[in-house]
Amino acid sequence: MHEEPIDPFNGDPADPAAGLHDPREDDALDPLTEIERQDVLEDLADLEIYQALLQPIGVRGLVIECEDCREPHYFDWDLLRGNLRHLLDSGRPRVHEPAYDPDPDHYVSWDYARGYADGVHDTLTEGTDDSAEE
C-alpha cells in the first residue's frame, strides 16, 4: 500500500511535466526544527484517532483554511496523512490545489475533530471517574 498518491506519469518518457523545472528545488532546505517535527508527529497521531472516530459516521477528511490563498482545502484522510509524512521527510509542504467540487458536508475542521475526540474520551472515562470517587 502506498502512503501517498501515485504519480500517474512516474517514469513515463511522455510525462507532460518532465521538462518543467521546480524552482523550489533550488531553495536551501531548512529542516524542520525538533519542535516542528514533534508537532507533525502529533498531528499524524491525532489524524489516526480522528479517522477512526469520524470515518464510520461519514466524514471523509478534514478541511483546512489555506494561509496562502485564504480558501478552504478539503483533504481526505490518506492524502492528508501523505502530506504530513512528506513534510516530515522533506521539510517542506507539498504544492496543493483545492479539491474539485468537494461536498463540504463530508469534511470537518481540525478543531471539530479534536472536540469530537475529546468528547468521546470524556464520555468513555466518565464511568471510571465515578467508580474512583466511591
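**Exercise 1. How are helix 1 and helix 2 oriented to each other: roughly parallel or roughly antiparallel?**

Keep in mind that this is a predicted model.

*Step 1.* Find the two elements. Helix 1 covers residues 34-54, and helix 2 covers residues 77-90.

*Step 2.* Decide what to look at. Two packed helices are described by the angle between their axes and by the distance between those axes. Here the angle is about 165°, and the axes are 10 Å apart.

*Step 3.* Compare with the cut-off. Angles over 145 degrees count as roughly antiparallel, and helix 1 and helix 2 are therefore roughly antiparallel to each other.

*Step 4.* Add the handedness: helix 1 and helix 2 make a left-handed crossing.

**Exercise 2. Work out which residues make the contact between helix 1 and helix 2, and what kinds they are.**

*Step 1.* Start on helix 1. Its side of the contact includes Val 40, Leu 41, Leu 44, Leu 47 and Leu 54, along with Arg 37, Asp 43 and Glu 48.

*Step 2.* Now go to helix 2. Among its contributors are Trp 77, Leu 80, Leu 84, Leu 87 and Leu 88, plus Arg 81 and Arg 85.

*Step 3.* Sort the residues of this contact by type: 11 are nonpolar, one is polar and five are charged.

**Exercise 3. Asn 83 also sits in helix 2. Is Asn 83 buried or exposed?**

*Step 1.* Check the accessibility of Asn 83, which is 15% in relative terms.

*Step 2.* Buried means under 20%, so Asn 83 counts as buried.

*Step 3.* Look for its partners. Once neighbours within four places in sequence are set aside, Asn 83 touches Phe 75 and Arg 94.

**Exercise 4. Explain why Cys 66 and Cys 69 are not joined by a disulfide.**

*Step 1.* Take Cys 66. The closest cysteine sulfur to its own is that of Cys 69, 3.5 Å away, which is too far for a bond.

*Step 2.* Turn it around. For Cys 69 the nearest cysteine sulfur belongs to Cys 66, and Cys 69 is in no disulfide.

*Step 3.* Apply the cut-off: a disulfide needs sulfur atoms within 2.5 Å. Searching the whole structure turns up zero disulfides.

*Step 4.* Compare their surroundings. Cys 66 is buried at 7% relative accessibility, whereas Cys 69 is partly exposed at 34%.

**Exercise 5. Which residue has a positive phi although it is not a glycine?**

*Step 1.* The residue is Arg 70, with a phi of about 60°.

*Step 2.* Place it: Arg 70 is in the loop between strand 1 (61-65) and strand 2 (72-76).

*Step 3.* Check its accessibility. With a relative accessible area of 61%, Arg 70 is exposed.

Technical notes
Residues numbered from 1 in each chain as written. Predicted model: local features only at pLDDT ≥ 70, side-chain atom pairs only at ≥ 80, totals over all residues. Heavy atoms only, no water. Buried < 20%, exposed > 50% of the residue type's maximum accessible area, 1.4 Å probe, protein only. Axes fitted to C-alpha atoms, helices over the stretch in contact; angles between N-to-C directions. Helix = DSSP H or I, 4+ residues; strand = E, 2+ residues; numbered from the N terminus. Parallel < 35°, antiparallel > 145°, perpendicular 65-115°, else oblique. Left-handed = near helix turned anticlockwise from the far one by under 90°. Contact = heavy atoms within 4.5 Å. Nonpolar A, V, L, I, M, F, W, Y, C, P; charged D, E, K, R; others polar.
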